[in-house]
Amino acid sequence: YQRARKKPPIAAQPTVTQRILLLTPTFAEGGAETVVRDLALHLRREGHSVALVSMIEPTSFVGTLEASGVPVVSLSMNRRGANLAGVMRFLQVTREFRPDIIHAHMFHASMLARVTKAFTRARIVCTVHSEIECSTRRRAGQFRELLFRLTDGWCDSTTAVSQRVRDRYVALKLARKSMTII
């Protein structure tokens, strides 16, 4: 008979740290912004290098994030109309930070991340936080939904915060069927 040999202990796998850039249109007290703050803090605690970019001046959570080692950058974009200077600032931030992942939250940030895909090797993840994220105004909403649909292939992954959000975006063909729920 053969004596059972002791199996060598399983070595702990080294943690792979990622450079993750979180992008949000605004950083004020709100539901989606709180989720983004909590995500940034969690990723930082896990050992990842995290930076947060707000498209307009942030009004909340900056001190908490920076005290935890998460730099917060504002693109100082204008709320109205296209802002080429803000896009250029975002490209500069991505060149300096060199993210592995750009995780965009909400419509405007998703559009900015998707447009910059051509200029970065980072994986683009877009998260939809609401069924009516594109707009409640009919004409603006239809245009935004068209943009979302046309640029869906420019991101590597689209996620939704609920089954209901996912179902709506997939039914309207705003996102691929592979859209996942987080």
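Tutor: Contact in this discussion means heavy atoms within 4.5 Å. The model is predicted, and local features need pLDDT of at least 70, side-chain atom pairs count only at pLDDT 80 or more, and totals for chains, interfaces and linings use all residues. Residues are numbered from 1 along each chain as its sequence is written, and side-chain values use heavy atoms, with hydrogens and water left out.

Student: In what order do the seven strands of the open sheet lie?
Tutor: Strands (E, at least two residues) and helices (H or I, at least four) are DSSP runs, numbered from the N terminus, and two strands pair if DSSP finds at least two bridges between them. The pairing in this open sheet is parallel. Its seven strands follow the order β3-β2-β1-β4-β5-β6-β7.

Student: Which strands stand at the edges, each with a single partner strand?
Tutor: An edge strand in this sheet has a single partner, so one of its sides is left without a neighbour in the sheet. The two strands in that position are β3 (72-74) and β7 (180-181).

Student: Which residue in β2 stands opposite L23?
Tutor: β1 (residues 19-24) and β2 (residues 49-54) run parallel and are joined by six bridges. Opposite L23, in β2, stands V53.

Student: What angle does the direction of helix α3 make with that of β1?
Tutor: Angles run from 0 to 180 degrees between N-to-C directions, with axes taken as lines fitted to C-alpha atoms, for helices over the stretch in contact. Helix α3 (residues 84-97) packs on the sheet and touches β1, β2, β3 and β4 (101-105). Relative to β1, the direction of α3 makes an angle of about 165 degrees.

Student: Through which helix does the chain cross from β4 to β5?
Tutor: β4 and β5 are parallel and share five bridges, and I102 has I124 of β5 as its bridge partner. The β-α-β crossover from β4 to β5 is right-handed, a term used if, with the strands pointing away from the viewer, the path from the first strand over the helix to the second runs clockwise. The connecting helix lies across β1, β4, β5 (123-128) and β6 (157-160), at about 150 degrees to β4. The helix of this crossover is α4.

Student: How many of the nine residues of α4 are buried?
Tutor: Buried means under 20% relative accessible area, exposed over 50%, and partly exposed in between (1.4 Å probe, protein chains only). In α4, the buried residues are F107, A109, S110, M111, L112, A113 and R114. The helix is therefore largely enclosed by the rest of the structure, and the number of its buried residues is seven.

Student: With which residues is A109 in contact, leaving aside its neighbours within four places in sequence?
Tutor: A109 belongs to helix α4 and is buried, at a relative accessible area of 0%. A109 and V53 are 56 residues apart in sequence, yet their C-alpha atoms lie 9.5 Å apart in space. Neighbours within four places aside, the contacts of A109 are L23, T24, P25, M55 and A104.

Student: Which residues of the largest nonpolar core touch the most other members?
Tutor: A nonpolar core is a set of buried Ala, Val, Leu, Ile, Met, Phe, Trp, Tyr and Cys residues joined through side-chain atoms within 4.5 Å. The largest one holds 19 residues, and β1, β2, α3, β4, α4 and β5 each supply at least two of its residues. Apart from it lies another core of 13 residues, among them L22, F27, F61 and L65. In the largest core, the residues touching the most other members are L21, L23, V53, M55, L75, F90 and I102.

Student: How many disulfides does the rule count?
Tutor: A disulfide is a pair of cysteine sulfur atoms within 2.5 Å. By this rule, the count is zero.

Student: Which cysteine has the sulfur nearest to that of C126?
Tutor: C126 is in no disulfide and counts as buried, at 0% relative accessibility. C155 is likewise in no disulfide and is buried, with a relative accessible area of 3%. At 4.2 Å from the sulfur of C126, the nearest cysteine sulfur is that of C155.

Student: Which residue of β7 is the bridge partner of A160?
Tutor: β6 and β7 are parallel and paired over two bridges. Together with helix α6 (residues 163-171), these strands make a right-handed β-α-β unit. The bridge partner of A160 in β7 is I181.
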